[in-house]
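Student: I would like a close look at a single part of this structure, taken slowly and with its surroundings included. Could you walk me through one helix and what it rests against?

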Amino acid sequence: MAGAHAKLSASGAKKWINCPGSVEMESNFPDTESAYALEGTNAHSLGEAKIRLAVKEITKAKYAKAIQGLDTDAEMDEYTDGYRDFVLERFNAAKARTCDATLALERRLDFSGWVPGGFGTGDCVIISDGHLEIIDLKYGAGVVVSAENNPQLRLYALGAVDAWEFMYEINQITMTIYQPRRDNISSETIELQELLDWGEGVKAKAEIANSGSGDCVAGDHCDDGFCKARPVCRAYADHCSRLAALDFKHPNLLDAEEISDVLDLSGRLVKWSEL
């Protein structure tokens with residue numbers, strides 16, 4: 001599965017849900033792995049190995065082999081210890097409810113029933129009778145990520161429900177972002193029917209994005225999702241240029257809404273100029 005990417009990925013869902021044209025636009029740019037992405041990959045591998053060792057899935061010898069060659073440091077070691085302990089705490093709580101609760105790590109989750117060709121890798125999935133939990137490790141120290149209405153987590157949850165509903169009666173789903181370098185643990189809990197209704201609502205947007213005929217729509221998702229097409233996207237340029245239009249208006253004549261626009265767009269304009 002290494003190197004495999006879905007056209008409509010869960011990690012890029014915020015982009016293609018809000019801007020269906022982004023899929024076609026970004027296809028013109030090569031896939032590159034930044035130093036930050038590589039750091040995150042190392043942290044995920046280290047955290048996974050620590051959890052597998054803790055639940056006795058692997059021996060100490062296999063653990064040493066699993067982490068051999070990873071580029072880690074003392075900070076990463078400390079933060080992945082915290083991630084391991086958090087996952088174990090949640091897994092023990094699940095086992096208290098259901099003796100045969102399941103812990104799945106770095107599992108491929110297929111949500112193609114809602115998104116054409118859709119799949120992704122769930123960092124941690126915990127399933128017990130009545131309850132399913134998705135835990136997503138975010139090692140980045142930049143943007144604080146919220147679990148509320150998070151499309152990536154919801155798509156993972158749809159894939160997990162599809163994979164395990166024949167084994168467990170799932171009524172409720174908890175989705176958690178674990179972001180240790182920002183001291184951020186964010187969770188959202190919803191009922192299964194709410195998740196399924198959301199999934200049905202995403203279907204039409206996914207079809208448009210997959211067709212390559214969708215329009216580009218600019219917004220927060222452009223920067224939050226690090227869209228590769230921003231430097232050449234007309235919709236993004238028009239969105240950012242709204243700030244320039246306000247420069248021609250005397251500050252005393254700006255109303256509250258325009259002032260809010262200036263504050264919101266100024267940061268985006270700086271990012272745009274640096275692309």
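Tutor: What follows is centred on helix α3 and moves outward from there. The model is a predicted one, and the values below should be read with that in mind.

Helix α3 spans residues 35–54 and lies across β1, β2 (119–128) and β3, running at about 145° to β1. The sheet behind these strands is an open one of 5 strands, in the order β1-β2-β3-β4-β5 and with mixed pairing. At its edges stand β1 (102–110) and β5 (184–191), and because each has a single partner strand, one side of each is left without a neighbour in the sheet. From one strand to the next the twist averages 25°. Further along the order, β3 (residues 130–137) pairs with β4 (residues 170–179) in the parallel sense, over 8 bridges, and within that pairing D136 has I177 of β4 as its bridge partner.

Within α3, a residue that repays attention is H44, which has its place in this helix. Is H44 buried or exposed? Its relative accessibility is 18%, and since buried means under 20%, H44 counts as buried. Leaving aside neighbours within four places in sequence, H44 is in contact with E106, D123 and L137. For L137 there is a further detail, in that the side chain of H44 reaches the backbone oxygen of L137 at 3.0 Å.

Helix α3 also has a helical partner, and here a general point helps: two packed helices are described by the angle between their axes and the distance between the axes. For α3 and helix α4 (residues 60–67) the angle is about 175° and the axes are 10 Å apart; the two helices are therefore roughly antiparallel to each other. On the α3 side the contact is made by L46, A49, K50 and L53, and on the α4 side by K60, Y63, A66 and I67. By class, these residues divide into 6 nonpolar, no polar and 2 charged.

A second helix pair can be set beside this one. Helix α6 (residues 151–164) and helix α7 (residues 192–211) pack at an angle of about 110°, with their axes 10 Å apart, which makes α6 roughly perpendicular to α7. In that contact P151, R154, L155, A157, L158 and V161 of α6 meet L192, E194, L195, L196, W198 and G199 of α7, and the residues divide into 9 nonpolar, 1 polar and 2 charged.

Definitions and conventions:
Residues are numbered from 1 along each chain as its sequence is written. This is a predicted model: local features need pLDDT of at least 70, side-chain atom pairs count only at pLDDT 80 or more; totals for chains, interfaces and linings use all residues. Side-chain values use heavy atoms; hydrogens and water are left out. Two strands pair if DSSP finds at least two bridges between them. Helices (H or I, at least four residues) and strands (E, at least two) are DSSP runs, numbered from the N terminus. Axes are lines fitted to C-alpha atoms, for helices over the stretch in contact, and angles run from 0 to 180 degrees between N-to-C directions. Contact means heavy atoms within 4.5 Å. Buried means under 20% relative accessible area, exposed over 50%, partly exposed in between (1.4 Å probe, protein chains only). A polar contact is a pair of N or O atoms within 3.5 Å; within protein, one must be able to donate a hydrogen and the other to accept it, and residues adjacent in sequence count only if both atoms are side-chain atoms. Angles under 35 degrees count as roughly parallel, over 145 as roughly antiparallel, 65 to 115 as roughly perpendicular and the rest as oblique. Ala, Val, Leu, Ile, Met, Phe, Trp, Tyr, Cys and Pro count as nonpolar, Asp, Glu, Lys and Arg as charged, and the others, Gly among them, as polar.
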